[in-house]
Amino acid sequence: MTEAIVHGIILAFGLILPLGVQNIFVFNQGALHPQFRGALPVILTAALCDSLLIAAAVGGVSLVLLSLDWLTPVVLGAGTLFLCFMGWKIWAATPAKGEAKRLSLKGQVGYALSVSLLNPHALMDTVGVIGTNALQYGGSERWVFAAAAAGVSWVWFIGLAAAGRMLGKADSSGKAVRLMNKVSAVLIWGIALYMGFQLGVSL
């Protein structure tokens, strides 16, 4: 049981740590809101989506999806387009000066849903990595592994939004957030190019 917990925590942390669209959005919402509770809808939505994806993958969806040879090119192609679009959205949403516009509750939840459920990296990580790793466990151990992995998402997103809030307080001019957005957009475009290359190889 302990092995499953440790395995789930380490694996999930390794997958969630790299900079991605979901992490950037949660961090930015923490930085933009004057109070931490303003980012709670994003935190809850992102963490719940990760938990549902992990539960589905561990529950057997991975075996079904991995058996479909045509699915990989589709995910890579859709993922490339999605990341190009999200990179542009992040770049375009960065103001030249002044405060960035804060999203409404509906906007926060909708955006968080898109970067969580339509994000190709989130899908590939949960289905291709967490789902397949869970196969080595049986019965209750498999779900303990899933719970440990999902728990990392909850802790991570809370910490990420809190870190964003601290940056927002320390940088009243918003220069650091604007710079981070620009760098993030470029990195996301780089990931999109890499996925496009993988698509070309897979065809």
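**Exercise 1. Decide whether Gln29 is buried or exposed in this predicted model, and list what it touches.**

Solution.
- Step 1: Place the residue. Gln29 sits in helix H2.
- Step 2: Read its relative accessible area, which is 4%. Buried means under 20%, so Gln29 counts as buried.
- Step 3: Collect its partners. With neighbours within four places in sequence left aside, Gln29 is in contact with Ala39, Val42, Leu103 and Gln108.

**Exercise 2. Work out which surroundings Ser116 has and which polar partners its side chain finds.**

Solution.
- Step 1: Start with the helix. Ser116 belongs to H5, which covers residues 105–117.
- Step 2: Turn to accessibility. The relative value for Ser116 is 0%, so this serine counts as buried.
- Step 3: Look for side-chain partners. Ser116 and Gln22 are joined through their side chains by a polar contact of 2.8 Å.
- Step 4: Check the backbone as well. A polar atom of the Ser116 side chain lies 2.7 Å from the backbone oxygen of Ala112.
- Step 5: Complete the list of touching residues. Not counting residues up to four places away in sequence, Ser116 touches Gln22, Ala46, Cys49, Leu53 and Ala122.

**Exercise 3. Describe how H2 packs against H7, then find where Ala31 and Ala170 stand relative to each other.**

Solution.
- Step 1: Recall what is needed. The angle between the axes and the distance between them describe two packed helices.
- Step 2: Fill in the values. The axes of H2 (residues 21–32) and H7 come within 6 Å, crossing at roughly 45°.
- Step 3: Classify the pair. H2 and H7 are therefore oblique to each other, and H2 passes H7 in a right-handed crossing.
- Step 4: Name the residues that meet. On the H2 side they are Gln22, Asn23, Val26, Phe27, Gly30 and Ala31. On the H7 side they are Trp156, Phe157, Leu160, Ala161, Ala163, Gly164, Arg165, Leu167 and Gly168.
- Step 5: Move to Ala170, found in H7 (residues 140–170). Its relative accessibility is 67%, and exposed means over 50%, so Ala170 counts as exposed.
- Step 6: Compare sequence and space. Ala170 and Ala31 are 139 residues apart along the chain, with their C-alpha atoms separated by 9.7 Å.

**Exercise 4. Characterise the packing of H1 with H7, and use Ala149 as a close-up.**

Solution.
- Step 1: Take the geometry. H1 and H7 pack at an angle of about 40°, and their axes are 8 Å apart.
- Step 2: Assign the class. H1 and H7 are therefore oblique to each other, and their crossing is right-handed.
- Step 3: List the contact. H1 contributes Ala4, Ile5, His7, Gly8, Ile9, Leu11, Ala12, Phe13 and Ile16. H7 contributes Glu141, Val144, Phe145, Ala148, Ala149, Val152, Ser153, Trp156 and Phe157.
- Step 4: Zoom in on Ala149 of H7. With 1% relative accessibility, Ala149 counts as buried.
- Step 5: Find what surrounds this alanine. Ala149 touches Gly8, Ala12, Ile54 and Ile130, residues up to four places away in sequence not being counted.
- Step 6: Check one pair by C-alpha distance. Ala149 and Ala12 are 5.0 Å apart in space, yet 137 residues apart in sequence.

**Exercise 5. Find the relative orientation of H1 and H6.**

Solution.
- Step 1: Identify the helices. H1 spans residues 2–16 and H6 spans residues 120–133.
- Step 2: Take the geometry. Their axes come within 11 Å and cross at roughly 160°.
- Step 3: Apply the cut-off. Angles over 145 degrees count as roughly antiparallel, so H1 and H6 are roughly antiparallel to each other.
- Step 4: Add the handedness. The H1–H6 crossing is right-handed.
- Step 5: Name the contact. His7, Leu11 and Leu15 of H1 make it with Asp125, Val129, Ile130 and Asn133 of H6.

**Exercise 6. Place Gly200, then step back to the whole chain.**

Solution.
- Step 1: Locate Gly200 in helix H8, residues 175–202. At 48% relative accessibility, Gly200 counts as partly exposed.
- Step 2: Find its distant partner. Gly200 and Leu76 are 9.4 Å apart, C-alpha to C-alpha, with their positions 124 residues apart in sequence.
- Step 3: Count the elements. The chain has 8 helices and 0 strands.
- Step 4: Look at burial. Of its 203 residues, 42% count as buried.
- Step 5: Look at contact range. Among contacts between residues at least 6 apart in sequence, 88% join residues at least 24 apart.
- Step 6: Finish with the surface. The accessible surface comes to about 10,500 Å², with 73% of it belonging to carbon and sulfur atoms.

Terms used
Residues numbered from 1 in each chain as written. Predicted model: local features only at pLDDT ≥ 70, side-chain atom pairs only at ≥ 80, totals over all residues. Heavy atoms only, no water. Helix = DSSP H or I, 4+ residues; strand = E, 2+ residues; numbered from the N terminus. Buried < 20%, exposed > 50% of the residue type's maximum accessible area, 1.4 Å probe, protein only. Polar contact = N/O pair within 3.5 Å; in protein donor to acceptor, adjacent residues only side chain to side chain. Contact = heavy atoms within 4.5 Å. Areas by Shrake-Rupley, 256 points an atom, 1.4 Å probe, with all protein chains shown as cover. Axes fitted to C-alpha atoms, helices over the stretch in contact; angles between N-to-C directions. Parallel < 35°, antiparallel > 145°, perpendicular 65-115°, else oblique. Left-handed = near helix turned anticlockwise from the far one by under 90°.
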